[in-house]
Amino acid sequence: MDDPFFQPVEKPQERPQALTPEQSLASPQDRLAAGIIDVCMVMAPLVLLIIAPFRKVMMESLLIHNESRFVVSSVVMVLLGLFAVWIYQSFMHARYGATLGKLLFGLRVVDVHSKKSPGWTASAWRSAFWLVETILIFPHLSVFSHSLRRCWHDRFADTMVVSHRKPVGRPEFWEKAFANGVFAALLAFFLVTSIGIFKGILDDLEDQSKVLSLLEENGELCSAVGNAVRTWPDEKVSYGSERLSVAMAMFAAGIISKTCLAQEADHLSAQLRDEEPLLYLAQSFIHSGNAKLSNEYLDRVCNFDKNSDSCVMSEIINAWSKEDWEEVDELFSKIKGKTTLHIGVWAIRHLMRQKRYFEALTYMESLSPQKTLAPFFNNQRVKALWNLNRFSEARALAMGSLELMDLYDSVDMASWLCSEELEQGCSNTASLSCRTFDNYMKNGKDLLVDSQLALVRVQQLECESEPQENLERLVRDLPQKRIRHYVEGLVRYLDQDPDEAREEMRALMDSSEDDIKWLAQRKLVEWSESEKQLDSYYSSWRSQESGEFWPKLGRSLFNQYYSLGYFGKALEIGRDLLATPVANADFYRKMVLSAYHGGKRKEAAVLLQAYRSMEWNSPETRIPASEEEFQVIARLLEKGGDPK
Amino acid sequence: MIFPFLNGIVSWTKAPVTWMIFILNALVLAFSYNPLLVTQYELEEKLKDDFFIESQGRLYAQFIEANPQFYSPLVRDMSRRVLDGDTKKLQLLGNLATRNKKFIEEGPEMEFRGDQVAADRWKRSVASLQMMKSKHPSYMLGLNAQDIDVWKWFSYIFVHSGLVHFVGNMLFFLIFAGFLETIVGGLAVLVLFLSSGALSAGFFLYFSGATAAPLVGASGAVSGIMAYFCFLYWNKPVRFVYWLFLPLRGYFGFIFLPGWVVFALWLVSDLAGYLSTVSELGGVAYTAHLGGEVIGLFVGLLISLIRGRYAGAEVPAPEVEMYKPIPFVDELVPKRQNFLKN
């Protein structure tokens, strides 16, 4: 076999001159194949080898987050790679008239005027333009659009590519049309994409709330702890466990997430030289999803000082998880007065959960005020006052706080208060909280993304003068499918199509697992017209008996039985609700009346006595004038007489 | 796409030793595949545990601080950042720690400061990880810094980390070793395969440093075989099959390149890989490949010197037909061995 590798390379000037360049144009396929050979066999290995040390530096910079080094090494790497390709192409074209790939396919680059091998200058320009074309667009596409099959880099450098082996003719019309079509499509694509990107940037800039939520999603929220310690009255809290204590208080108040607390704990954990009980306490919260690990941390907290606040808090958590409320009370009282702020926040949450609103208010007064925690304290105060039936105070405090809160907290507060006002009756739709909430919602449809806010909005629109029209309009803006179905059910009911409406609600009850399921059930209860219908919902309610919404649904059942005059059943349900948060003053009054009308006068007297002893009977409390019947019966019961 | 083809895969009657080695590799894979999958899954599950990895990162940072002389400036810089409270590096440092022999061996005995719950839990997890590793074929037969017994310098050649790894190595092995066996004989192939494998492991341990991650696979040994073949065919045409992504006549078929081009392409590719890899992160054992290539070339040179002839001058004729025509492909495409005459 002949050894092909010892054959001399034919120099371009020695090639036969018989063919004119116009007669020996290189085919686009040969040029493409030559390009592939060049890239795979020469350029890629050459470039990878040359840039290898810089790739390593780039990777190292990435690992240690050295941005300047990363940028410099990346730029050097790209420039060096481009330079290597440029040198290779320039040298081969100037010296041999072709690159390795072109040699294999019998192609040569020639000067378009002299028909000879291009000089060093033309080769250098050709390679430079080829690189630019490669970066911007596929370089071989323009081969179809020129009558001599000259790509743009050929046209810039006054060169053309000829074939010694398989010359082809000038491009056909369809080839040019194809190339021009692809160019036009690419141009259109770039234009549309650019406009889209530009518009997106403008939209984002306009919508400040989107920018804020984006920052929160990216984990920037943790800077909340940094902002808090800067405004904290005690300057020592900037570092170490004091800073973690601030984070713990913010976590307890629901201001920061578990992730944020974990970042603070991780930060401190790496720096600590000794063990820190507060860190163990924080870790037990952070790993609450892993009971074993969380308990390991809790067990460790008391290894140092059994009287420390952290140790007592760990015992409180243990008692809390066992629902041993007496023990929790005892432990909280043990550290009252000298307690750290985060334990104070947990104490308030405990008291609120236990419906001990008056104690919660008193406890809040004993804690030193902090700007960062103000939204939490205000929120709790408003809820405590409201549940104590001190409505005016609650309203005044809530409305006064709105100015000091950020957008999310203020919308949250207004929506909660509005929802509570509407629970009392649709006459409250003109209340300040509902008007404030209305303003927020009219100016920011994006807020409907929050399902809680969306549901309060629905509740608000139900009470307006033309609920049907308003709800139909709202459906279009609601992003959550299930809330849309819920509202559609309400609209159907208002359309005098109760059967369809009930079907819609029943479907939601079967498919949903969240608030909507309970709301749908509540609507079905409210739409019930007979004891038989109510009884089926009553047995379903009785079998569930757990969760946050269970007492609210029970309250609806109680109200419905009461309003239909089934006082015995109302009393039976009411007895189970006495220890729940729905047992407010109005509920007690209805209970007294139910017992009285149901013939249980002794029980009515006991309930009245309990009602009188409740915290809501402070001097500021006033009973709505509409409760005249209650006033009359209450007086009779207290005198021991018969109203008839 | 271009791929060395030579005479394709030589039949087992012409290259019995090559096929024996292949079958041995296949058997080891077959017997180790299930335990490999099971233990690999368990190991990966453990390494996915954020708490474990982050605790390990924090403890590794303390370990590096106590033993800085054993670590590169890059790792020392990362550990310093972690100890200064940079939590972004925790996961990365934790993963790097898994490969560090010294830390895995001495870490469980060390008294760490700070979070003792995390430290105790990590020590228990490392003990269970070591148990898992003792059942993992790559650790049982592979060469790792914790276990460099002489027999492991050979056993690692026959273990592969999965099907793709096995197919990649064995395809090149069957093509090159099969062809070589028809020229130099089975014993020479066997000796070259084992010696290249063992010595490329030495290259790996010397240049890449001892890590707790095991070295497995026949790539070092296959590199030795390929390098020796290239030495024999230094200036002779070596047949490649190519396809230039165009479904047209003339854009796929065979191409003949001299042995030195083949060797240069492999060498450049492995050298580029080695130079661009951060030693703490490397997954491919480029140094083992380079070691195999150097050894294959060295063996070729040594034999030539002993026999008193220069590289590639005379190659014994293979027992099979040199570049036998391939039906269909040869009929369709022109041979390109005379391309330079155009």
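**A helix with two sides and a nonpolar patch**

User: What is exposed on the other side of H14(A)?

Analyst: Glu326(A) and Glu330(A) are exposed there. Please note that this is a predicted model.

User: And which residues of that helix are buried?

Analyst: Helix H14 of chain A spans residues 325-335, and its buried residues are Val328(A), Leu331(A), Phe332(A) and Ile335(A). They lie on the same side of H14(A), because they cover an arc of only 100° around the axis.

User: Why would residues three or four places apart point the same way?

Analyst: An α-helix has 3.6 residues a turn, so residues at that spacing point the same way.

User: What do the buried ones pack against?

Analyst: The buried residues of H14(A) pack against two helices of chain A, H13 (309-321) and H15 (341-353).

User: Changing topic: which residues make the nonpolar surface patch?

Analyst: Tyr206(B), Phe207(B), Leu271(B), Tyr274(B) and Leu275(B) form that patch, which has an area of about 490 Å². In chain B, helix H10 (186-208) and helix H12 (259-276) each supply at least two of its residues. The largest share, 3 residues, comes from H12(B).

User: Where is Phe207(B), and how exposed does it count as?

Analyst: Phe207(B) is found in helix H10 of chain B. Its relative accessibility is 43%, so Phe207(B) counts as partly exposed.

User: How many helices and strands does chain B have, and what share of its residues is buried?

Analyst: Chain B has 14 helices and 3 strands. Of its 342 residues, 52% are buried. Chain B exposes about 15,000 Å², and carbon and sulfur atoms supply 66% of that area.

Definitions and conventions. Residues are numbered from 1 along each chain as its sequence is written. Chains are lettered from A and ligands numbered from 1 in the order in which they are written. This is a predicted model: local features need pLDDT of at least 70, side-chain atom pairs count only at pLDDT 80 or more; totals for chains, interfaces and linings use all residues. Side-chain values use heavy atoms; hydrogens and water are left out. Patches are made of residues with over 30% relative accessible area and no salt bridge: like charges are joined within 9 Å, nonpolar side chains (Val, Leu, Ile, Met, Phe, Trp, Tyr) within 5 Å. Accessible areas come from the Shrake-Rupley method with a 1.4 Å probe; for residues, only the protein chains shown count as cover. A salt bridge is a side-chain nitrogen of Lys or Arg within 4 Å of a carboxyl oxygen of Asp or Glu. Helices (H or I, at least four residues) and strands (E, at least two) are DSSP runs, numbered from the N terminus. Buried means under 20% relative accessible area, exposed over 50%, partly exposed in between (1.4 Å probe, protein chains only). The arc is that of the directions from the helix axis to the C-beta atoms. Contact means heavy atoms within 4.5 Å.
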